[in-house]
Amino acid sequence: MRMSAAQRREQLIAIGRALFAERGFDATSIEEVASRAKVSKPVVYEHFGGKEGLYAVVVDREVRNLLDRLTNALTGGHPHELLEQAALALLDYIEHETDGFRVLVRESPVMSPTGNFMSVLNDVAHQAEHILGSEFKRRGFDPKLAELYSQALVGMVALTGRWWLEVRKPRKEVVAAHLVNLAWNGLSNMEGKPTLVTGQGR
């Protein structure tokens, strides 16, 4: 049975996603996408205008998928819960959408739109910044520093996620618990005006 144009498009996106995950943008060719889909190259061009077009669609979908997961996960009222939910949502995404995550964390080509893993992390960091800002105010810390701390927290979870993608040990719940342990206990014992001990007063 022949595929409809919409079905063909979905098939090509799925194949493109798998190839970009496996090889990266540069090493993936339209020839290979067409060959895996058992269609001619012009069919792929007709749908996406070229490799960049296909890549942009794949990345855009992954960005939305990951952001939706994170946004839907953040339901708790307490910052500790929110931290747990965000860490678990990211690890869930890595576990269930491994190809998608690989596409996002690979270096994206210059011509791709801004949608990539870094832009998702920035969005998440901005959400975290608001939560941290109000907590900082409540505890007498400078709320202007919330941006720095939100970038640090999101970066910590994201880098750990990249590492966990390859090792898959320990279980994601254990990884999330340890991430939250480090972040939460670090935040709860924070100094108002930390200083460096290295190289001071020599």
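The axis of a helix, as the word is used here, is a line fitted to C-alpha atoms over the stretch in contact, and the angle between two axes is taken between their N-to-C directions, on a scale from 0 to 180 degrees. With that in mind, we can begin with two helices of this predicted model, namely H4 and helix H5, the second of which covers residues 79–96. Their axes are 8 Å apart, and the two helices pack at an angle of about 145°, in a crossing that is right-handed. On the H4 side the contact is made by Glu62, Asn65, Leu66, Arg69, Leu70 and Ala73, while H5 contributes Gln85, Ala86, Ala89, Leu90, Asp92, Tyr93 and His96.

From this contact we can turn to the nonpolar interior. In soluble globular proteins, nonpolar side chains tend to be buried together. The largest nonpolar core of this model has 58 residues, and those with the most contacts inside it are Val44, Leu66 and Phe117. The largest share of this core, 10 residues, comes from H4. If we leave aside the neighbours of phenylalanine 117 within four places in sequence, this residue is in contact with Leu66, Leu90, Phe101, Leu104, Val105 and Ala158.

The aromatic rings deserve a closer look, for the structure holds 6 aromatic pairs. In one of them, phenylalanine 20 and tyrosine 55 have their ring centres 5.1 Å apart and their planes at 90°, and because planes over 60 degrees apart count as edge-to-face, this pair is given that name. Since phenylalanine 20 lies in helix H1 (residues 5–23) and tyrosine 55 lies in helix H4 (residues 51–73), the pair ties together parts that are 35 residues apart in sequence. Both phenylalanine 20 and tyrosine 55 are buried. Another pair is formed by tyrosine 93 and phenylalanine 101, whose ring centres are 6.3 Å apart and whose planes stand at 75°, so this pair is edge-to-face. Tyrosine 93 has a relative accessible area of 0% and is therefore buried, because buried means under 20%. Phenylalanine 101, at 0% relative accessibility, also counts as buried.

Phe20 and Tyr55 also belong, together with Phe25, to one aromatic cluster. Over the face of phenylalanine 25 lies lysine 51, at 4.4 Å from the ring centre. A charged group is also found over a ring at tryptophan 164, where the charged end of arginine 168 sits 5.3 Å from the ring centre.

How values were computed. Residues numbered from 1 in each chain as written. Predicted model: local features only at pLDDT ≥ 70, side-chain atom pairs only at ≥ 80, totals over all residues. Heavy atoms only, no water. Phe/Tyr/Trp six-rings, centres within 6.5 Å; stacked < 30°, edge-to-face > 60°. Helix = DSSP H or I, 4+ residues; strand = E, 2+ residues; numbered from the N terminus. Buried < 20%, exposed > 50% of the residue type's maximum accessible area, 1.4 Å probe, protein only. Lys NZ or Arg CZ within 6 Å of the ring centre and 35° of its normal. Core = buried A, V, L, I, M, F, W, Y, C linked by side-chain atoms within 4.5 Å. Contact = heavy atoms within 4.5 Å. Left-handed = near helix turned anticlockwise from the far one by under 90°.
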